[in-house]
Amino acid sequence: MGTSQSQWSVEKRSSFRNDSFSREDENVPETGCLSIIVLGASGDLAKKKTFPALFHLYRQGFLPSNEVHIFGYARSKISDDDLRKRLPNLGGWTRIVVEKPFGKDLESSEKLSSQIGELFDEPQIYRIDHYLGKELVQNLLVLRFANRMFLPLWNRDNIDNVQIVFREDFGTEGRGGYFDEYGIIRDIIQNHLLQVLCLVAMEKPVSLKPEHIRDEKVKVLQSVVPINDDEVVLGQYEGYRDDPTVPDHSNTPTFATMVLRIHNERWEGVPFILKAGKALNSRKAEIRIQFKEVPGDIYKCQKQGRNEFVIRLQPSEAIYMKLTVKQPGLEMSTVQSELDLSYRQRYQGVAIPEAYERLILDTIRGDQQHFVRRDELRAAWEIFTPLLHRIDNGEMKSIPYQPGSRGPKEADELLAKAGYVQTHGYIWIPPTL
Ligand code: BG6
């Protein structure tokens, strides 16, 4: 990669506050060259996310301006031109970014962690979960802890249920081989959705230091009670097995809805519904916090639907609050509406960085806040391993669903059973500019 001007321009150009990140290797001067080794350089992730993120960081001047080396390593056979096998020995610090899958269950993950642990210390290991690099995921703690109005509401007294949803409107497309070994729970729920759950549910950390934040996340994970099979619905879209890399009798779920329960003072009795699916009727990721009904309701709000606080992670990033308001006009009637902070409209001209861009930059800066610590990973696997083993052993079956649908109807039934009340006749439409 080419060079320009002197020294690191990272801090000068940064829009982050200086105190918002820490460096683990305080004694290492941030000069000299930066070497980044991309493992799996011929793969899907490298092509779609890692290399474009590096390129954007470079273009915006966030990479050290004197010299940057990017090495790619891949198992597949690619030419020397594409693959530069030289290992860096250029001084400075070493940080290793590790991407999932971090094993397949608790045991294999722990084994992997021990192996990596023999080579690197925990402050050098950056376990990436790219959902932690998304703008609105990064906003969660600010929303929760910098706004007085949420503090008294954010608990079992007011919140009826929480949904964390990931939907994709395409199938496994060319990734069947990988996907079939893992399935939607390992691919999305055990990591991306669970990380989001931690940020929604955790207590206020002592400070914004990465370790303080991660301590609180671990406590949430340790308070999750074992998953009840009756609160799990698995699905597999029709046509999934047509992929030549997928075995004919695969039971791998491409869809799952499940209820997680957190046994602590704040959340006892509040279902956290995690839902993820491929080949569905829409593409979106969101957090939906549904409040309880108004006690002693005089406006018949109940009929119109409950208050909801929704954080739309993607696409059309937004935070909106569904409310009952007076219908404008002479009549005294009520209607559902929303307070809407749609990013595209509110922050015109502000480019939202790609998650990988932000996380690679964090790695260069030595900020581990948005990375998964070893004990966090372990606790995450502890939650899902028993369920995953039951699925792997064929004790739980995936229900077929039509590609382009909402998924199995049993999932909606589970949602209703868990207490979610769908609002009819109201739909939030992202504003157009
Ligand atoms: C990856 C999963 O971690 O996240 C993919 O392996 C999924 O299956 C992807 O498609 C979704 O990421 P995003 O950022 O597009 O929501």
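Good morning. I begin with strand 9 and strand 10, which are antiparallel and are joined by 6 bridges. Within this pairing, Ile287 stands opposite Ile311 of strand 10. I should say at once that the model is a predicted one.

Strand 9 has a second partner: strand 5 pairs with it in the antiparallel sense, over 8 bridges. There, Val165 stands opposite Glu286 of strand 9. As for its surroundings, strand 9 is mostly covered, with 7 of its 8 residues buried.

Continuing outward from strand 10, residues 308-314, we reach strand 11, residues 318-326; the two run antiparallel and are joined by 5 bridges. Ile311 appears here again, with Ile319 of strand 11 as its bridge partner.

These pairings belong to one open sheet of 9 strands, with mixed pairing and the order 12-11-10-9-5-8-7-6-13. Its edges are strand 12, at 334-342, and strand 13, at 399-401, each of which pairs on one side only. On average, neighbouring strands of the sheet are turned by 20 degrees against each other, with direction ignored.

Next, the helices on this sheet. Helix 6, residues 176-201, packs on it and touches strands 5, 6, 7, 8, 9 and 10; the direction of helix 6 makes about 145 degrees with that of strand 8. Helix 12, residues 409-418, lies across strands 5, 6, 7, 8 and 13, and runs at about 15 degrees to strand 7.

What, then, is in the largest nonpolar core? It has 84 residues, and those with the most contacts inside it are Ile185, Met258, Leu260, Phe272, Ile287, Phe309 and Phe384. Helix 6 gives the most to this core, contributing 13 residues. In soluble globular proteins, nonpolar side chains tend to be buried together.

Ile185 deserves a separate word. Leaving aside neighbours within four places in sequence, Ile185 is in contact with Gln190, Leu234, Ala256, Met258, Phe384, Leu387, Leu388 and Ile391. Met258 and Phe384 are thus among the contacts of Ile185, and both are also listed with the most contacts inside the core.

Apart from the largest core lies another, of 20 residues, which include Ala46, Tyr356, Ile364 and Phe371. This brings me to a helix pair. Helix 2, residues 44-59, and helix 10, residues 355-365, pack at an angle of about 60 degrees, and their axes are 8 Å apart. Their crossing is right-handed. On the side of helix 2, the contact is made by Leu45, Lys49, Thr50, Ala53, Leu54, His56 and Leu57, and on that of helix 10 by Tyr356, Glu357, Ile360 and Leu361. By class, this contact has 7 nonpolar, 2 polar and 2 charged residues.

My last item is Gly133, which lies in the loop between strand 4, at 125-128, and helix 4, at 135-138. Is Gly133 buried or exposed? Its relative accessible area is 0%, and because the limit for burial is under 20%, Gly133 counts as buried. Not counting residues up to four places away in sequence, Gly133 touches Gln138, Ala355, Arg358 and Leu359. How far apart are Gly133 and Leu359 in sequence and in space? They are separated by 226 residues in sequence, yet their C-alpha atoms are 5.9 Å apart.

Thank you for your attention.

Note on methods
Residues numbered from 1 in each chain as written. Predicted model: local features only at pLDDT ≥ 70, side-chain atom pairs only at ≥ 80, totals over all residues. Heavy atoms only, no water. Pairing = 2+ DSSP bridges. Helix = DSSP H or I, 4+ residues; strand = E, 2+ residues; numbered from the N terminus. Axes fitted to C-alpha atoms, helices over the stretch in contact; angles between N-to-C directions. Contact = heavy atoms within 4.5 Å. Core = buried A, V, L, I, M, F, W, Y, C linked by side-chain atoms within 4.5 Å. Buried < 20%, exposed > 50% of the residue type's maximum accessible area, 1.4 Å probe, protein only. Left-handed = near helix turned anticlockwise from the far one by under 90°. Nonpolar A, V, L, I, M, F, W, Y, C, P; charged D, E, K, R; others polar.
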